[in-house]
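Trainee: I am new to this structure and would like a close look at one part of it. Could you walk me through the salt bridges and what surrounds them?

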Amino acid sequence: MRYVTEALISRIEGCCRTESICDEMKRQHMANLWWGVKQGWRLLLKEGTLLQRVLKAKYFPSSSFLEALPASNPSWTWQSILKGRRVLVEGIRWRIGNGRRVRGDQDPWIPRPNGFCPINATEGRGMRACDLIDTDQDAALVHAIPLSSSDVEDRWIWHY
């Protein structure tokens, strides 16, 4: 996330002549970026809202928000949300509840020193986290994940 922000600020600074204009452009750009992050976070957490249903129907009818591809003629709203999604992807991970929603080989859920990478084994393809919790694969890492004692849904959380 830090690298994305620094790159955007450097790009804006290269275009500015005076410091006051540059500062205003940076503030405006950051406000737009964080608005997109906030709306993307809402799309992840609040499935079924009117906004989520409308955007899903138009921009990602057969995939999830995180897998949505850029559209050919997107609205300003969708462009901002996609820019914010880049920031979200850097810091989100699944909080395991019952493990039924988390794709074991694709979603970020296993705590590792360099992030929350999924299982990287061919035999784990297509399996859910609930199928992998009791396997030998990455056993120490998987068993270190605190699990809920009740049947709680998995949910996205901000790790950092």
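Mentor: Happy to; we will go through the salt bridges one by one and then turn to the largest pocket. Keep in mind that this is a predicted model. A search of the whole structure finds 3 salt bridges. Let us start with E47 and R101, whose side chains meet with N and O 3.1 Å apart. E47 belongs to the loop between helix 2 and helix 3, while R101 belongs to the loop between strand 1 (92–95) and helix 5 (129–132), so this salt bridge ties together parts that are 54 residues apart in sequence. E47 is exposed, at 54% relative accessible area, and R101 is partly exposed, at 31%.

Next come E67, R103 and D107, which salt bridges link into a network. Between R103 and E67 the closest N and O atoms are 2.6 Å apart. R103 sits in the loop between strand 1 and helix 5 and E67 in the loop between helix 3 and helix 4 (76–91), so that pair ties together parts 36 residues apart in sequence. R103 also bridges to D107, with the closest N and O atoms 2.7 Å apart. R103 is partly exposed at 23%, E67 is partly exposed at 37%, and D107 is buried at 5%.

Now for the largest pocket, which holds about 350 Å³ of space. Of its 16 lining residues, the closest to the centre are E47, S64, W94, R101 and W156, so you meet the pair E47 and R101 again here. The lining divides into 7 nonpolar, 2 polar and 7 charged residues. Helix 2 (19–45) and helix 3 (50–59) each supply at least two of them.

Terms used: Residues numbered from 1 in each chain as written. Predicted model: local features only at pLDDT ≥ 70, side-chain atom pairs only at ≥ 80, totals over all residues. Heavy atoms only, no water. 1 Å grid on protein atoms, 1.4 Å probe; cavity = no way out; pocket = protein on both sides within 12 Å on 5 of 7 lines; lining within 4 Å. Points joined across faces, edges and corners; volume = space filled by probe spheres on them. Helix = DSSP H or I, 4+ residues; strand = E, 2+ residues; numbered from the N terminus. Nonpolar A, V, L, I, M, F, W, Y, C, P; charged D, E, K, R; others polar. Salt bridge = Lys/Arg side-chain N within 4 Å of Asp/Glu carboxyl O. Buried < 20%, exposed > 50% of the residue type's maximum accessible area, 1.4 Å probe, protein only.
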